[in-house]
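Trainee: Got a minute? I'd like to go through a structure with you.
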Amino acid sequence: MKNLLVIEGLGVRFRLRDATVHAVSDLDLTVRPGELLAVVGESGCGKSVLAHALLGLLPANALVTGRALLHPARPAAPGPSTQRRTLPRWSSVLPRPAGDRAESRRGSSGWSSRLSRRLRDSAEHQPEGTGAGGGGVGSGGAVDLLACGEKVLARSVRGRRIGLIPQSPATALTVVRTGRRLLAETLTAHGRDPGLAAQVAIEAGLDPADLERYPFELSGGMAQRLATALALATDPPLLIADEPTSGLDRPLVDHTLDLLRRRCDAGAAVLLITHDLAAAERVADTVAVMYASRIVEHRPAADLFRSPAHPYTQALLNALPDRDFTPLPGHPPMLTALPPGCAFAARCPRVSETCATRPSGPVACHHPLVEVPA
Amino acid sequence: MSLVAESVSAGYRGRRVLNGVSLTVAAGETVGLRGPSGSGKSTLVRVLALLHTPDAGHVSLDGVRIEGVRHRVPVSVRTRIAVLFQSPRAASDPRLTLADLIAEPLRAVRRPREGIAARVAELADRVGLTADLLTRRPHAVSDGQLQRACLARALAHRPAYLLCDEATTMLDASTQALVASVITAEQRETGLGVLVVSHDPALLSRWADRVVTVAPPRRSDISAPQPT
């Protein structure tokens, strides 16, 4: 099947006063419709920056290079979800959602507005294609997410073509609106019946009665499920789930993961960013292991968990409480001073002289534990 | 030598969360605490740390009944019970560097100031924070790095009891194992009593000496913990 998202040579650097942080380096990934790709790695390896780069949510000191082509979703998948995806034309004459006006008063720059933009954009309603006349639009309606600019991202990508389940919903929800109001706003803006709010909430595992509460009255787990409901309400062909299960207890974790799995089975693609290896093992089709800003191993989930090829993957799996429960020795390299060769060499038991040169391939290692054909 | 909650009932604005719950954490042992969402695990931690006043029942530390008076807790008690929270970001002052964060409890008590820098360096080394991270502020480090700083802060006064409220839920496998190993090493050294609140059965069975389950509050009959 054709790729939905093709990321080529993605690099993200942050300029600090006295150093440059290499958060993502030379990253290549593809996601197909119906695929659940899990990006896993230690905290601080650049996983979340990847998600934010795709949605143009990085702070102003970020320097982004490379390409990320988002192809149009194929309208072939049968079922009610496809009907919803093709919006009626009249949706463009709907009034702007109230949330939009409230946010714009706060100004257009700064941290708080960037966070709130996540939500506001999920309520954007301009039909696809309008305003997509910039240099970022490639052939066949594909959009280069890194080059198309804020206008295109805001009007036709965020919320519409890419849904985001944010990492910390507490900071991403508009506190002065109840859950029902937030959901209804999003549904209306996308030409759907706002009365579906309760149904969408139930699907995300949230009790409809809790929709009457304001975000600050919700527990962390409930806020997480509300944010999930908001991302799912627009039924986007690509979902980016940034730690969607943090703060949830085990049954709710499983519920959320199964929900993402069902979205995939219905034809959507999911980019699951998580530190939870058990979660990745449960639902992912493919897993990309990230270490010190690079992907070191990208393979089908079953193979990777059965026989990890990269020493780092093996060490990470061995840190699990139901395996060895031992932390990796040493520290990951500082992202301000990445070594020219393999970044894991300093902690690796299989290190040799060749590791001073950078390895490449689906398993970025000169001495993999198992041979993996390219 | 133990930290004990005796028949504690507690709640928020009339909503009862804990109903006559008793729990003992003895020195040197690791107790796991599990229970469904909303069963009052965090409330129990807050009661034990004297951050929440129970409606009934009380907390005793090494046989002495302790309580806060209008949120004020004697230094001798405060320095003996430490808490590690789930979200390090919510638990740290964004204006402080990690070094100042770790030094905060040491500076907060009326004790000699010399030696604080050395103690901070020692604690940072113990949790695996490199020197370059110590000059950064919370927004410039990852959750895992910040939680390690919070662990160093919690251990600053060599507490007798450490309460971990879902402290590793947000961490990757390696950082989780590191946090657990640092706490276990401290325990071997000082006889620290540890309470580990977690949803993860694999983690609890690996880490805790015994596991206690809190029943959900909606079942009106009991919410007392039952040993498993």
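Mentor: Let's take the sheets, then where the chains meet. This is a predicted model, where local features need pLDDT of at least 70, side-chain atom pairs count only at pLDDT 80 or more, and totals for chains, interfaces and linings use all residues. Residues are numbered from 1 along each chain as its sequence is written, with chains lettered from A and ligands numbered from 1 in the order in which they are written.

Trainee: In what order do the 6 strands of the open sheet in chain A run?
Mentor: The order is 6-7-8-3-9-10, with mixed pairing. Strands are DSSP runs (E, at least two residues; helices are H or I, at least four), numbered from the N terminus. Two strands pair if DSSP finds at least two bridges between them.

Trainee: Which strands stand at the edges?
Mentor: Strand 6 (162-165) and strand 10 (294-300) of chain A. Each has a single partner strand, so one side of each is left without a neighbour in the sheet.

Trainee: How does strand 6 of chain A pair with strand 7?
Mentor: In the parallel sense, over 4 bridges. A:G163 has A:L239 as its bridge partner in strand 7 of chain A.

Trainee: New topic. What about the sheet in chain B?
Mentor: That one is open too, with 4 strands in the order 2-1-4-5 and antiparallel pairing. Its edge strands are strand 2 (15-26) and strand 5 (64-66) of chain B.

Trainee: And how many residues of chain A are in contact with chain B?
Mentor: 24 residues of chain A, against 26 residues of chain B. Contact means C-beta atoms, placed from the backbone, within 7 Å.

Notes:
Two residues are in contact if their C-beta atoms, placed from the backbone, lie within 7 Å.
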